[in-house]
Amino acid sequence: MGTNNKLEELAISLYNIDAVKFGEFMTKIGIKTPVYFDLRVIVSYPDVMDLISVLLYEYALKDKKCDHVCGVPYTALPIATLISVKTKTSMLMRRKEAKSYGTKKVIEGHYKQGDSCLIIEDVVTSGSSVLETVTDLRKEGLKAEEVIVILDREQGGKQNLAVNNVQMKSLFTMTELIDILVKNNKITEESGKDVINYLKNVQAPQSAPEFERILLPYEKRAEFATNSIAKQLFTIMATKKTNLCLSVDLTSSTKILDLLEKVGEHVCLVKTHIDIIEDFTNDFIVRLKQLAQTFNFLILEDRKYADIGNTVSLQYSKGLYQVGEWADCVTAHSLPGEGLLKALNNSNNGLSRGVFLLAEMSSEGNLITKDYTETTVKMAAKYPEIITGFVCQKKETFKDPGLIQLTPGVQLESSKDELGQVYNTPEKVILENGADVVVVGRGIVAAKSPVSEAIIYKDTLWRCYMKRVSGKME
Ligand code: 5IU
């Protein structure tokens, strides 16, 4: 029997065993739908299971090499198992919840970093369940770039996966399944058309929508964030009504803590250079964290990691500063390649952590090129769970509304310092250049009265943001 005949046989079997039903149904989220899928029932039909695994094999695995297969829990687990046994390919299992005891593993099975893993799923609507599995596999350093599914409901899942660098192949699209069922007189042409129309009208939200990110308010942007720190930071900005990041480039821990005591309520993020502090002790960290808690701000250690993964992993978690223990997020260069991101991702000790990747710099004559910036943004797209955003200067640099543009080089008047730093005004960076969080250092810390200056910056920056999202930009 050719593949096409087998597909036809599968479509009819799925109909006969009520894995696909036509009529009027209610979805989980209370929307009416003219078609309903429940592939969970296939476990009671070994012939159907067999047929599915043969088809998936012929369609996706025959000419391809992957190190592992992994089913999206739960319906696809038995299917993945069959394929694993049939093709003698190792299988991995993803837990939905990490175990609360013993090892905190979410991915069970033996694997090495860089191994490729083919994902298997039954039905894709928006692609969000597949993306959860992708995220967990990528956290473990596995390559998860392909998914094979039985049915693509054609409601936007394929596109959502593609923007996250996952290619989807399906045995059937909904249109193809319906064509087969109509041809075999299982359903009428009319009800087939109804279903197709319904699916066209009810599309899943896109993870990378067409509208410009800079016009969306922070609370909306939080919904798009895939990194938990980005989500928190958007939420803090929206609640505290501030998009000011204070760069506390001071060398005395008392001075830093005294300043934060007074300006903590006005900032969403505090940026440190921990290695410039002359009297560093662990007590400084304890007090810094207390202030962060009291005033609800996050901490960014501007370490600009730039070494091979192994070294970065050590720099991040060991040594005098143990940055990974206390900084919510860090900055890193993309120059050394993805190993660095993997290292940071794997060294988070189960804590929520984020990375701002340097896509552009504010200093005069820096060597970053347009190509470098573009490649940096592409690289970040492969690590949606760890990337908080970019340190960059232009709104064109990236589109994803779930990521944050952190822009340094800001003072109330445009100017330069004697070492090549270039300052733009709040108006320019927010309204023209797309900054979401604005970094101010000496504009505040070197002012006569840092506290009143911080308030001026906070108010000015917020006003610009409000103008931007109200759409009244001239
Ligand atoms: N910083 C920049 N420009 C950049 C990057 C980081 O100024 O492109 I990447 C840091 C350096 C300093 C702070 O810690 O942001 C800006 O301080 P001033 O506002 O004092 O220039």
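How far apart do the C-alpha centres of domain 1 and domain 2 lie? In this predicted model, the two centres are separated by 39 Å, where domain 1 covers residues 3-201 and domain 2 covers residues 213-469 according to the domain assignment of the protein. The points below take up the interface of these domains, one pair of helices, the salt bridges and two details of the backbone.

**Interface of the domains**

- The contact between the domains involves seven residues of domain 1 and seven residues of domain 2, and the area buried between them comes to about 710 Å², with carbon and sulfur atoms giving 46% of that area.
- On the side of domain 1, Gln113, Arg138 and Lys139 supply 54% of the area that this domain buries against domain 2, which is more than any other three residues supply.
- Although Arg138 and Lys139 are among these three residues, the rule finds zero salt bridges across the interface of domain 1 and domain 2.

**Packing of helices α12 and α14**

- Helix α12, made of residues 309-317, packs with helix α14, made of residues 338-346, at an angle of about 35°, and their axes are 8 Å apart; the crossing of the two helices is right-handed.
- The contact is formed by Gly309, Val312, Ser313 and Tyr316 from α12, together with Gly339, Leu340, Ala343 and Leu344 from α14.
- Sorted by character, the residues of this contact comprise five that are nonpolar, three that are polar and none that are charged.

**Salt bridges**

- The structure as a whole holds 21 salt bridges, and one of them joins the side chains of Lys6 and Glu58, with a distance of 2.8 Å from N to O.
- Because Lys6 lies in helix α1 and Glu58 lies in helix α2 (residues 46-61), this pair ties together parts that are 52 residues apart in sequence.
- As a general point, side chains of opposite charge can pair when their charged atoms come close.

**Details of the backbone**

- The peptide bond that runs from Pro73 to Tyr74 is cis, with omega near 0°, and Tyr74 has its place in the loop between strand β3 (68-71) and helix α3 (76-87).
- Asp18 is not a glycine, yet this residue has a positive phi of about 65°; Asp18 is found in the loop between helix α1 (3-16) and strand β1 (20-26).
- Helix α1 thus appears in two of these topics, since Lys6 of the salt bridge with Glu58 lies in helix α1, while the loop that holds Asp18 runs between α1 and β1.

Conventions. Residues are numbered from 1 along each chain as its sequence is written. This is a predicted model: local features need pLDDT of at least 70, side-chain atom pairs count only at pLDDT 80 or more; totals for chains, interfaces and linings use all residues. Side-chain values use heavy atoms; hydrogens and water are left out. Axes are lines fitted to C-alpha atoms, for helices over the stretch in contact, and angles run from 0 to 180 degrees between N-to-C directions. Helices (H or I, at least four residues) and strands (E, at least two) are DSSP runs, numbered from the N terminus. A crossing is left-handed if the near helix is turned anticlockwise from the far one by less than a right angle, and right-handed if clockwise. Contact means heavy atoms within 4.5 Å. Ala, Val, Leu, Ile, Met, Phe, Trp, Tyr, Cys and Pro count as nonpolar, Asp, Glu, Lys and Arg as charged, and the others, Gly among them, as polar. Domain bounds come from an automatic or database domain assignment. Buried area is the accessible area (1.4 Å probe) that two parts lose on being put together, summed over both. A salt bridge is a side-chain nitrogen of Lys or Arg within 4 Å of a carboxyl oxygen of Asp or Glu.
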